[in-house]
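Me: Please take me through a close look at one part of this model: the salt bridges and the surroundings of their side chains. I am new to this, and plain words would help.

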Amino acid sequence: MQKIKILWADDEIDLLKPHILFLEHKGYEVVAVTNGVDAIETCREQHFDLVFLDEHMPGISGLVALTKIKEEQPEIPVVMITKNEEEYIMDEAIGSKIADYLIKPVNPNQILLSIKKLIDNKRLVTEKTTQGYQQDFRNIGMAFQDKMGFTEWCNLYRKLVFWELELSQTTDNTMADVFDMQKAEANHNFCKYISDNYFDFMQGKGEDLPILSHNLMSKKVFPLITGERPVFFVLIDNLRFDQWRVLQPVLNEYFRVEADELYMSILPTTTHYCRNAIFAGMYPSEIEKRMPKFWSNDEDEGGKNMHEEDFLKDLFSRSRIDAKFSYTKVTNLDGAKNLVENISNMFQNKFNVIVYNFVDALSHARTDMHVIRELAEDEKAYRSVTLAWFENSPLFETLKKIASKDVTVVITTDHGSIRVHEPVKIVGDRNTNTNLRYKQGKNLSYEKKEVFEVKDPAKVFLPRQHVSSGFVFARNNDFFAYPNNYNYYVNHYKNTFQHGGISMEEMLIPFAVLHSK
């Protein structure tokens, strides 16, 4: 392995000879210079992994040398060392993007700690993370042998997402592969849990019942409206829990997180069913019965989420809530810009709903556009693209404006998505819906052991389009493919993000309550 190479610039370099010998004994290669000009020139001539730079040197100062080095090689970490504790010196050094700041006199262990923090950081983090996951691996595996309720499944999924994010920051691909296998095992067991309990959940039977899409408003949101603060309910469509976890640190500067929970989306895990159920406060079949002119079935043409505001008005009326509210749906950039401009008008309302359609559009664009597919190749990249979008989005700008007032913000979603791998053959007639994770129709042919089957939609409060129609749902990371066009489906849709079926990623979704700081 090649030695770490360090440049040390200090006009009293002879006095630092013991420090240099100490570092060389630890296996580092150190090149010493006595002024800023030589530091700049030496950086041009040789490659260095790290630079120690004295702030006060004859000729040009360390700050000037720092600026020159950073202009030419911005990637080199520079540690500023100084006798001067003046605040403006620190401000200038930090503003010039130093990697660390040390006050003289420094001892060898301080120097070593700085090197390890800046150079060995990834290796040390990888080792520590790998060791931590290895210790937890057995605990997670043992949990699968127990009969877990909803709370236990939420705790397990939180733990898996924690390790997924931690391992994604390391360089140990072997451990990442082990994690992927354990996560697949977890999803297999979760699908069995849903198969065994979903009918009871929908009937309200059993212990440790989850909050579901249709009672999210009544159980978790409406109690917040009774407080002093205005409430902003922000629904980011198709937002997985791991994606929320990477957005949360960005929001921590502006908000204090009061609650960070998971709830369960109903099946099918699609906007059509889940989001309508959220705003109507009813199951899909109940919506169809109560407001048939506002409900569209899979076979019907046109949009399936055109009446969310009407559903919410009806829910307010049924719940006897007398509060002024607004409803805003953002589906394009113009709508997003209008949201930013109009947000100040919403502070007069007791309750404001903002539905932001982006993440779902991203997942669909990833399926259809090769450029997006390359940008979001896997879960880590998918999270990265989501974060990059959010940090530069009108939604974030809106939330920062909201944070300037004393308000409560709910951030949640309607369902998540999963990256699909395994094709499952299914046959249906021309009226069968096109979703890859669930099928609904009257002439479906499939292997029962490969799906979750709902022959009688009424038992799970889903509309029945025909007397003999039923639903089937893909599990784990499966997706449906037609035999007569099998190769096309497999090649086009394998490794794409889809939703509609049963998995932790689709069904265990975030619900967070934030207060402005």
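Reply: Let's begin with helices and strands: these are DSSP runs numbered from the N terminus, with at least four residues for a helix (H or I) and at least two for a strand (E). The model is predicted, with local features needing pLDDT of at least 70 and side-chain atom pairs pLDDT 80 or more, while totals for chains, interfaces and linings use all residues. Residues are numbered from 1 along each chain as its sequence is written, and side-chain values use heavy atoms, leaving out hydrogens and water.

Now to the salt bridges. The structure holds 25 of them, each being a side-chain nitrogen of Lys or Arg within 4 Å of a carboxyl oxygen of Asp or Glu. For their surroundings you need one more idea: a residue is buried under 20% relative accessible area, exposed over 50% and partly exposed in between (1.4 Å probe, protein chains only).

Start with a pair inside one helix. Asp-196 and Lys-192 form a salt bridge with an N to O distance of 3.1 Å. The two residues sit in helix H8 (residues 173-203), and because they are 4 residues apart, about one helical turn separates Asp-196 from Lys-192. Both Asp-196 and Lys-192 are exposed.

Helix H2 (residues 36-45) offers another such pair: Glu-41 and Arg-44 both belong to H2 and are 3 residues apart, about one turn of the helix. Their side chains meet in a salt bridge at 2.6 Å, N to O. With a relative accessibility of 33%, Glu-41 counts as partly exposed, and Arg-44, at 44%, is partly exposed too.

Next comes a pair that joins separate stretches of the chain. The side chains of Arg-437 and Glu-506 make a salt bridge of 2.4 Å, N to O. Arg-437 is in the loop between strand E12 (422-425) and strand E13 (438-441), while Glu-506 is in helix H20 (residues 504-507), so this pair ties together parts that are 69 residues apart in sequence. Arg-437 is buried, at 0% relative accessibility, and Glu-506 is likewise buried at 0%.

Salt bridges can also join up. Here, a network of them links Glu-164, Lys-183, Arg-240, Asp-242, Arg-383 and Glu-505. Follow Asp-242 and you arrive at a helix: Asp-242 is one of the buried residues of H10, as are Phe-241, Gln-243, Trp-244, Val-246, Leu-247, Gln-248, Val-250 and Leu-251. Helix H10 (residues 241-251) is mostly covered, with 9 of its 11 residues buried.

For a last stop, look at a buried residue outside the salt bridges described above. Ser-516 is part of strand E18 (residues 508-516), and its relative accessible area of 8% makes Ser-516 buried. Its side chain takes part in polar contacts, meaning pairs of N or O atoms within 3.5 Å; within protein, one must be able to donate a hydrogen and the other to accept it, and residues adjacent in sequence count only if both atoms are side-chain atoms. The side chain of Ser-516 reaches the backbone oxygen of Lys-405 at 2.4 Å, and one of its polar atoms lies 3.2 Å from the backbone nitrogen of Val-407. Leaving aside residues up to four places away in sequence, Ser-516 touches Tyr-254, Phe-255, Arg-256, Ala-403, Lys-405, Asp-406 and Val-407, where touching means heavy atoms within 4.5 Å.
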